[in-house]
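Please open the structure in your viewer and keep a selection tool at hand. The tour below moves from stop to stop, telling you what to select and what is there.

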Amino acid sequence: HVACALAAKLGGKRLIIRTISNNLGARPAWVRLLRQLLYRPLYMLANVLLYIGQDNRDYFRNFGVPDRKLVHAPHIVDNDFFVGEAARMAGRETELKAAFGIDPDRKIILYSAKFMPKKQPLMLVKAFAEAGLGDDWTLLMVGEGEQRAAAEALAGKHPDAQIVFAGWLDQSRIAEGYAVADMLVLPSAFQETWGLIINEAMNFGCPVIVSDRVSCGRDLVADKAGLIFPYDDRAALVAALRQLAGDEPLRARFRAGAKERISGWNVSGYMAGLRRALRLADQADSSR
């Protein structure tokens, strides 16, 4: 990155930098100092920096980048594809639930991520069991990884909680999970630079629960599409599950809010940001 940036500046090029990093999570003081020494000069070389959301914007500000150099270019998925998938699967909920081995009258909480410590699948399994949502709800765990066996063993200790493990699903099938989900939970503990699965699920009008270490929370979720809980507080996750599961009007409000908010986080929105950045870079260069 440094070599590319220096080559651009030495060659008289205008430089736009995009990264999806954030400051969520604690770092030792010496690491913070080293990052300042390495990254501050790099970011100062840029004419414009693209930020994907509020946490990413704060990350750049932490390195001294002035607001006049910052342009929002939202982190996106192909909304048209997922909206099309939602339309294609509408009315097939009974069939899709049966494919997962779930009764048609059950509501579904979806987890779709790697089974690894930073995603905290074990916390979710335990929180779902503790929430005691009764026979109305099933936890559908989608994914593979090092902690799957531990998650299944933990689920086995709570036979009253219906927990289904579906394994890994490719993009053509993960949409089936979104189509039947009544909510999606991403309880990550660290290094969740955004959480694009939230973008995907919101195109299906799926309410979400995320930890405060999921970077998209401030931009996509807060007050509009779901609930946010402290990443290290299982009791707060239990409370969030109970609140959303027990309040259908709230879920309906979040379903509508999810569709509304994600509609602007699309390819057109990103292209608009990139065009603004190009114009700003030209202006910055011509003013010298």
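How many salt bridges does the structure hold? The structure holds 16 salt bridges, where a salt bridge is a side-chain nitrogen of Lys or Arg within 4 Å of a carboxyl oxygen of Asp or Glu. Before selecting any of them, please note that this is a predicted model, in which local features need pLDDT of at least 70 and side-chain atom pairs count only at pLDDT 80 or more, while totals for chains, interfaces and linings use all residues. Residues are numbered from 1 along each chain as its sequence is written, and side-chain values use heavy atoms, with hydrogens and water left out.

**Salt bridges across the chain**

Select Asp282 and Arg14, whose side chains meet in a salt bridge with an N to O distance of 2.6 Å. This pair links distant parts of the chain, with Asp282 in helix 13 (residues 267-286) and Arg14 in the loop between helix 1 (2-10) and strand 1 (16-18), 268 residues apart. Helices (H or I, at least four residues) and strands (E, at least two) are DSSP runs, numbered from the N terminus. Asp282 is partly exposed at a relative accessible area of 39%, and Arg14 is also partly exposed, at 41%; here buried means under 20% relative accessible area, exposed means over 50%, and partly exposed lies in between (1.4 Å probe, protein chains only).

Next, select Arg234 and Glu130, which form a salt bridge at 2.9 Å, N to O. Arg234 belongs to helix 11 (residues 234-245) and Glu130 to helix 6, so that the pair links distant parts of the chain, 104 residues apart. Both partners count as partly exposed, Arg234 at 31% relative accessibility and Glu130 at 33%.

Then move to Glu260 and Lys224, whose side chains meet at 3.1 Å, N to O, in another salt bridge. Here Glu260 is in helix 12 (residues 248-262) and Lys224 is in the loop between helix 10 and strand 9 (226-229), 36 residues apart. To see a network, select Asp55, Arg57, Asp58, Arg61, Asp67 and Arg218 together, which are joined into one by salt bridges that share partners.

**Helix 3 and helix 6**

Some members of that network are found again on selecting helix 3 (residues 54-62), whose buried residues are Asp55, Asn56, Arg57, Tyr59 and Phe60. What covers these buried residues includes helix 2, strand 2 (48-51), strand 3 (70-72) and helix 10 (217-221), and just after helix 3 you will find Gly64, which takes a positive phi of about 85 degrees.

Returning to helix 6, you will find that it is mostly covered, with 8 of its 11 residues buried. Among them are Met123, Leu124, Val125 and Phe128, and the helix is followed by Gly132, whose phi is positive, near 55 degrees.

**A buried lysine and its neighbours**

Select Lys118, in the loop between strand 4 (107-112) and helix 6 (121-131). Is this residue, Lys118, buried or exposed? Lys118 is buried yet has no salt bridge, and the nearest side chain of opposite charge, that of Glu192, is 5.6 Å away; for this purpose Lys and Arg count as positive and Asp and Glu as negative, while His and the chain ends are not counted. Not counting residues up to four places away in sequence, Lys118 touches Ser188, Ala189, Phe190 and Gln191, where contact means heavy atoms within 4.5 Å.

Stay with Gln191, which lies in the loop between strand 7 (183-186) and helix 9 (196-202) and has a positive phi of about 55 degrees although it is not a glycine. Gln191 counts as exposed, at 57% relative accessibility.

**Two cysteines**

Select Cys206 and Cys216 while keeping in mind that the structure holds 0 disulfides, a disulfide being a pair of cysteine sulfur atoms within 2.5 Å. Why is Cys206 without a bond to Cys216? The sulfur of Cys206 is 12 Å from that of Cys216, its closest cysteine sulfur, which is too far for a bond. Cys206 is buried at 1% relative accessibility, and Cys216 is buried at 0%.

**A last stop**

Finally, select Asp223, in the loop between helix 10 and strand 9, which has a positive phi of about 65 degrees although it is not a glycine. Asp223 is exposed, with a relative accessible area of 72%.
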